[in-house]
Amino acid sequence: MATRGSFQNNYEEFTADTANNILNESNDELSEKFKLKLKKFQQSKLELLTGSMVDDIFCDGTVYTGSAGLALYYFNSGIKNESNSDLLKTALEYIDLDRLKGRRISFLCGDAGPLAIATIISYKLGSRRPESLPDYKTLAQNLMSLISLLNDSPDELLYGKAGYLYALLFVNKHIHGKELIPAIHIEKVISSIVRSGKQFSLEMKSESPLLWQWHDKIYLGAAHGMAGILYMLLQARIFINIVEMRSYIRPAIDWLLNQRFPSGNFPSSLSGSSSDRLVQWCHGAPGFVQLCVLAAQVFGEESYMKIAHQACDIIWQRGLLTKGYSICHGVSGNAYAFINMYQATKKPVYLYRACCFMEWCAVERRGTELHHPDRPASLFEGIVGRIYLAQDITNVLDAKFPAYSL
């Protein structure tokens, strides 16, 4: 039965017995039986994607809804298999650098995503790279040139500066020791985001020292709002001075977390009409878990983890969404909150919960997707997101929410 946008969660609570077919005897990994089930799921969906749905994949070139989302899946597979060159070359088949329009700056919905992925692949392949693929230094320069769009871009993750910041950090993470993207370039992006947050906070006379808006609305969640921006800034903390961290970023995080509902969920925006309704990564508790976990690690404050635990409980209760299985606003994205908590706590209950949500996405029981996705072959709305999750959960300690966690 569906209520408030979600189906009733009929999975049993975690015990050694209920987890028997999903986790191994130590409850710290997936069982071989469940791994095999997920492997077959990935294979069948990849056959579907590269067969009858291939035209849907190439609807655009972005990571969010287009072919670069499947490129990121193959990239992730290749990186986890000791930079498997065949998988990295397969990823290139889904990146069309000639289609880049130079209009959007972000990793998910702009040019930065395809450019960042191509830069790393070019570096990893070295002399084995195809002749059609430019040298990684050239690609990095093209990525850096997107900074010309900075002042005309919003601050949020999907379309804006926070999404560009992710792309820069992503490249430097995978190209070790070279600082391919100079610190001064990253600091310019951070400075622009923080300056914008300070100015809007003053304008609104907010209690938070940082405040951002998107489309004339103060969103709080991961995709368009403060959780996503602050999480990205926290991941870029080595480029931020201690005064900014203490006086602006941490107080802004504290203010934001104080906006939560008694249930543990969060409003989608700062307005009188916000209701305790959405429990999805883009709007609601699932997008806050990563922020809380990282804040606890950075600031050494256990209260952040208490908020994360409460958020995970509401996701378990109301996270089997009627919207379907997507990463952005579906069950796959919600599973990543449990994965993140398992990584932080090593408590098997969170791995079990993540696997239950993964099972829900893989089995596709009739009537459990009441809203068909606009882009059914995509990473953030469609099938690619589910096979990405299946791949990640099989190597759970290395799993990262795509285009969000580094």
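Which residue follows H14, and what is the sign of its phi? The residue is Glu364, and its phi is positive, near 55°. I should say at the outset that what we are looking at is a predicted model, and I would like to take you through three parts of it, beginning with the helix that this residue follows.

Helix H14 covers residues 348–363, and its length can be checked with simple arithmetic, because at 1.5 Å a residue its 16 residues should span 22 Å, and the end C-alpha atoms are indeed 22 Å apart, which agrees. Of those 16 residues, 13 are buried, so H14 is largely enclosed by the rest of the structure. Cys356 lies within this helix, and since a residue counts as buried under 20% relative accessible area, Cys356, at 1% relative accessibility, belongs in that class. If we set aside the neighbours within four places in sequence, Cys356 is in contact with Tyr11, Ile22 and Trp316. For a sense of distance, the C-alpha atoms of Cys356 and Ser303, which are 53 residues apart along the chain, are separated by 27 Å.

Trp316 brings me to the second part, as this residue of H12 also takes part in the contact between H12 and H13. Helix H12, residues 302–318, and helix H13, residues 331–345, pack at an angle of about 140°, with 10 Å between their axes, and the crossing is left-handed. On the H12 side the contact is made by Met305, Ala308, His309, Cys312, Ile315 and Trp316, while H13 contributes Asn334, Ala337, Phe338, Met341, Ala344 and Thr345. Sorted by type, the residues of this contact divide into 9 nonpolar and 3 polar, with no charged residue among them. As general background, an α-helix has 3.6 residues a turn, so residues three or four places apart point the same way.

The third part is helix H5, residues 112–125, where the same kind of check applies: at 1.5 Å a residue, 14 residues should span 20 Å, and the end C-alpha atoms are 20 Å apart, which agrees. Here 12 of the 14 residues are buried, so H5 is largely enclosed by the rest of the structure. The buried residues include Ala112, Gly113 and Pro114 towards one end of the list and Ser122 and Leu125 towards the other. What do the buried residues of H5 pack against? They pack against four helices, namely H3 (67–80), H4 (85–92), H6 (136–145) and H7 (161–174). Finally, H5 is followed by Gly126, whose phi is positive, near 55°.

Methods. Residues numbered from 1 in each chain as written. Predicted model: local features only at pLDDT ≥ 70, side-chain atom pairs only at ≥ 80, totals over all residues. Heavy atoms only, no water. Helix = DSSP H or I, 4+ residues; strand = E, 2+ residues; numbered from the N terminus. Expected span 1.5 Å × (residues − 1). Buried < 20%, exposed > 50% of the residue type's maximum accessible area, 1.4 Å probe, protein only. Contact = heavy atoms within 4.5 Å. Axes fitted to C-alpha atoms, helices over the stretch in contact; angles between N-to-C directions. Left-handed = near helix turned anticlockwise from the far one by under 90°. Nonpolar A, V, L, I, M, F, W, Y, C, P; charged D, E, K, R; others polar.
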